[in-house]
Amino acid sequence: MRREIPLIITFVVGITLLSSYFFSGTIPGTTWVLAKVATDITGWGIIVTAFAAGLASVNLIRIHAEKIARKRQDWINSVALVVSLAVFFVVGVYVKHYPKNISMRTFSQNIFDNIYSPYGAAMFAILGFYVASASYRAFRARSFEASLLLGAAVLMMLGSAPIGVLLWNQFPIISGWLLNVVNSTGQRGINIGLAIGAFATAMRLLIGLDRGHLGSGE
Amino acid sequence: MIWKKLQDIDRRIIYTLMIVFLLYPMMFPIGIPIEIDATTKDVFNTLKALNPATDTVVLAASYSVGGAPDVGPQFDAVAKHLFELKIPFLVPSFVSDGPAQVERVLARLESLGLVYGVDAVNLGFITGGEAAVKAFVDNPRTVFIKDFRGNVVADLPIMQRVDKVTDLAYVLDFQTGNPGYADWIRQAPGVKYGAGLVTVSVPAAIPFVNSKQIVGMLKGLRGAAEYELLMERPALAVAKMDAQSLGHLLIVALIILGNTAHFVDKKLSKK
Amino acid sequence: MSISTNPWVWIMGIGMVSLFSFIYKENAAYRFFEHVFVGAAAGYFLQMNYVNILDRAWIPLVAKGRYSLLIPIFLGLLLYTRFFKRYAWLSRWATSFMIGIGVGISSFGMINAQLIRQASAAMMPFLVKDKLGVILWTRSANNTLMILGTLSVLVYFFFSYTPKGPVKEVTHFGRWVMMLTFGVAFGNVVMGRISLLLGAFERIFGTWLGLL
């Protein structure tokens with residue numbers, strides 16, 4: 001039962017939603033309108049996903065609370081994490097319940113604009129440095145295929161930056177051709193393959209052949 | 001020997017060069033001309049052809065804070081353009097970072113005369129990825145209950161213009177990942193859909209532009225700069241394009257230098 | 001412009017510079033602000049999802065008596081049984097429900113929008129002629145490349161058969177097309193990462209230090 005019920009849930013939910021793309025009217029033997037049932041189930045899915053968002057936070061708090069309690073190395077950083085999490089959560093919830101409180105709204109926008117948003121941007125921006133370093137150290141034309149990759153990348157960089165046209169007026173034309181013709185060809189082949197693969201996986205999940213998400217054991 | 005040394009150059013030298021090459025043109029702009037791509041013109045012309053009396057647009061804010069420097073300026077420019085054209089727009093967010101970023105843009109436009117709830121609405125965040133996109137496509141009018149500012153969405157004048165998804169003249173989706181164009185073209189095949197993409201996602205989306213499933217595309221920061229130029233209001237994105245050019249030049253030079261050092265060293269050591 | 005006197009901007013600037021200090025060497029300031037960011041991201045994401053639960057489940061249930069919403073609330077709560085070993089298996093119900101939704105809503109579009117529409121877009125004439133019947137060689141060459149290239153990539157991904165003879169040559173061509181495709185992707189990665197750096201520099205050197 002512990003494995004069968006989940007398989008039945010996946011099948012019933014999946015087949016109901018999939019049917020709604022092909023059929024209209026009521027579900028045979030009932031007065032339920034298929035489109036309405038599909039909309040309701042999708043809405044329920046949104047609610048379950050919202051609950052799932054809490055899982056990561058619960059895990060995060062558990063790990064860092066333990067670190068703080070045992071005063072492990074760098075425990076002060078764990079305090080920073082938990083405090084930061086709590087502030088963002090509490091302030092957000094407060095603003096939701098008291099949307100007319102202007103000072104709290106401003107505070108909420110300020111912590112977003114000056115902490116979360118720029119720190120997030122900085123974390124991702126660091127990759128810009130790594131790309132430069134990797135280009136220098138690892139990007140080598142060691143084989144014919146690697147040369148194709150490298151050549152396309154260099155032409156793309158020269159053609160897509162505004163300065164490319166000043167260096168040689170054919171750079172943008174070449175990079176445009178690479179993007180719209182060659183890249184489109186490769187991506188389309190990959191996409192078609194991906195769609196077939198994803199559809200096959202979806203069908204395996206639907207009929208219960210693929211059970212990886214149930215985990216091992218009972 | 002020098003070629004070997006050149007291969008082991010300290011990475012911090014590369015980082016310093018990067019900072020100099022990017023910062024210098026930001027402080028002292030060069031003014032390199034920018035050519036405008038056809039996909040950017042498609043977005044601009046689509047919006048320009050709309051009728052303010054009857055048409056409503058969706059600007060979906062599905063971009064995270066990490067990718068915001070690439071996509072945010074696109075949103076800024078298009079929102080400003082719609083405000084000038086007096087075309088009302090709904091802003092749903094399918095990524096949690098969206099609504100607070102949009103709030104800044106709307107506040108700026110409100111100071112210029114935009115009427116919240118009539119000309120634009122920040123609908124807030126709906127979780128669920130593709131399921132959320134489907135829910136919005138099924139019921140664009142009722143799927144959001146309260147907006148980001150706590151107003152009841154159904155009471156807002158702008159929402160009276162939209163009943164079903166086909167009432168939307170154009171959906172322009174600003175995105176940094178999931179949910180993104182793939183989810184939209186799966187769930188809303190009958191909708192005129194355009195994409196504001198983070199530069200990294202552009203190549204994968206091109207086949208859908210060629211097949212006309214995506215009508216109009218803004219390609220990263222450059223797309224934003226091109227849009228600003230089309231509006232004849234060069235702003236922050238245009239200002240960064242010189243730095244983008246020098247950054248590219250530096251990386252191309254590094255690739256050439258790195259390869260030269262590698263192959264010359266290999267040849268010499270064989271001897 | 002001059003250096004900012006806004007304390008919020010200083011919090012932003014110090015945090016960003018500390019995070020960037022990682023490129024020099026990992027250090028205590030980086031680790032501290034990294035933790036602040038992770039906490040902020042988790043807290044913000046959590047509250048945004050709380051709003052979804054409140055607006056879409058709790059208020060309609062309590063205020064409008066929509067008792068059918070007890071089903072997703074129950075399933076959502078079941079997710080948390082994974083923290084209790086004895087009842088962890090119950091969380092599979094919720095996972096299976098979400099997988100059922102994923103399968104149900106994406107399958108049709110996968111075939112319709114991603115397979116059929118893309119395959120039909122690849123069905124183009126080898127020879128393109130203008131209204132007067134003159135062959136447009138550039139477009140014809142591009143079309144030929146796109147048709148053969150797409151087919152070669154598909155053949156490359158045909159794993160059920162070991163390619164031999166001419167088929168092997170086709171897979172080689174498919175691989176070259178993909179290499180060029182990945183090169184284009186790398187070029188775009190560089191451009192995208194530079195954009196992110198520029199955004200960060202604008203905040204540090206412009207908004208905070210007032211140098212831009």
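**Figure 1. Polar contacts and a salt bridge link chain C to chain B.** In this predicted model, 17 residue pairs are in polar contact across the interface of chain C and chain B, counting pairs with both residues at pLDDT 80 or more. Three elements of chain C give two or more residues to the side that touches chain B: helix H2 (28-64), helix H4 (91-122) and helix H6 (165-208). Which of them gives the largest share? Helix H6(C) does, with 18 residues. Sorted by class, this side of chain C has 24 nonpolar, 11 polar and 6 charged residues. The count of salt bridges between chain C and chain B is 1. Look for the side chains of C:Glu202 and B:Lys240, which meet in a salt bridge with 2.6 Å from N to O.

**Figure 2. Chain C and chain B bury area between them.** Here 41 residues of chain C are in contact with 52 residues of chain B. Together the two chains bury about 4,100 Å², and 68% of that lies on carbon and sulfur atoms. Three residues to find are C:Ile105, C:Met191 and C:Leu198, which supply 14% of the area that chain C buries against chain B, more than any other three residues.

**Figure 3. Chain C also meets chain A.** How many residues does each chain bring to this contact? Chain C brings 104 residues and chain A brings 108 residues. About 9,900 Å² is buried between chain C and chain A, with 78% of it on carbon and sulfur atoms. The interface of chain C and chain A holds 3 salt bridges. One salt bridge to pick out joins A:Lys96 and C:Asp55, whose closest N and O atoms are 3.0 Å apart. There are also 17 residue pairs in polar contact across the interface of chain C and chain A, again with both residues at pLDDT 80 or more.

**Figure 4. Helices of chain C face chain A.** On the side of chain C that touches chain A, the elements giving two or more residues are helix H1 (7-20), H2, helix H3 (70-78), H4, helix H5 (137-156) and H6 of chain C. The largest share of this side, 27 residues, comes from H2(C). By class, the side of chain C that touches chain A has 72 nonpolar, 23 polar and 9 charged residues.

**Figure 5. Residues of several helices line the largest pocket.** This pocket holds about 880 Å³ of space. Its lining has 29 residues, and those nearest its centre are B:Asp76, B:Arg104, B:Arg108, B:Leu236 and C:Glu202. You may recognise C:Glu202 from its salt bridge with B:Lys240. Where does the lining come from? At least two residues each are supplied by helix H4 (102-137) of chain A, by helix H4 (68-85), helix H5 (98-110) and helix H10 (236-270) of chain B, and by H6 of chain C. H4(B) gives the largest share of the lining, 7 residues. By class, the lining has 12 nonpolar, 7 polar and 10 charged residues.

**Figure 6. A cis peptide bond sits between B:Asn178 and B:Pro179.** The omega angle of this bond is about -10 degrees. B:Pro179 is in the loop between strand S4 (168-175) and helix H7 (181-187) of chain B.

**Figure 7. A:Lys71 has a positive phi.** The phi angle of A:Lys71, a residue other than glycine, is near 50 degrees. To find A:Lys71, look in the loop between helix H2 (34-69) and helix H3 (75-97) of chain A.

Definitions and conventions: Residues are numbered from 1 along each chain as its sequence is written. Chains are lettered from A and ligands numbered from 1 in the order in which they are written. This is a predicted model: local features need pLDDT of at least 70, side-chain atom pairs count only at pLDDT 80 or more; totals for chains, interfaces and linings use all residues. Side-chain values use heavy atoms; hydrogens and water are left out. Contact means heavy atoms within 4.5 Å. Buried area is the accessible area (1.4 Å probe) that two parts lose on being put together, summed over both. A salt bridge is a side-chain nitrogen of Lys or Arg within 4 Å of a carboxyl oxygen of Asp or Glu. A polar contact is a pair of N or O atoms within 3.5 Å; within protein, one must be able to donate a hydrogen and the other to accept it, and residues adjacent in sequence count only if both atoms are side-chain atoms. Helices (H or I, at least four residues) and strands (E, at least two) are DSSP runs, numbered from the N terminus. Ala, Val, Leu, Ile, Met, Phe, Trp, Tyr, Cys and Pro count as nonpolar, Asp, Glu, Lys and Arg as charged, and the others, Gly among them, as polar. On a 1 Å grid over the protein atoms alone, a cavity is a set of points where a 1.4 Å probe fits but cannot get out, and a pocket is an open set with protein on both sides within 12 Å along at least five of seven lines; lining residues have an atom within 4 Å of a point. Grid points are joined across faces, edges and corners, and a volume is the space filled by probe spheres set on the points.
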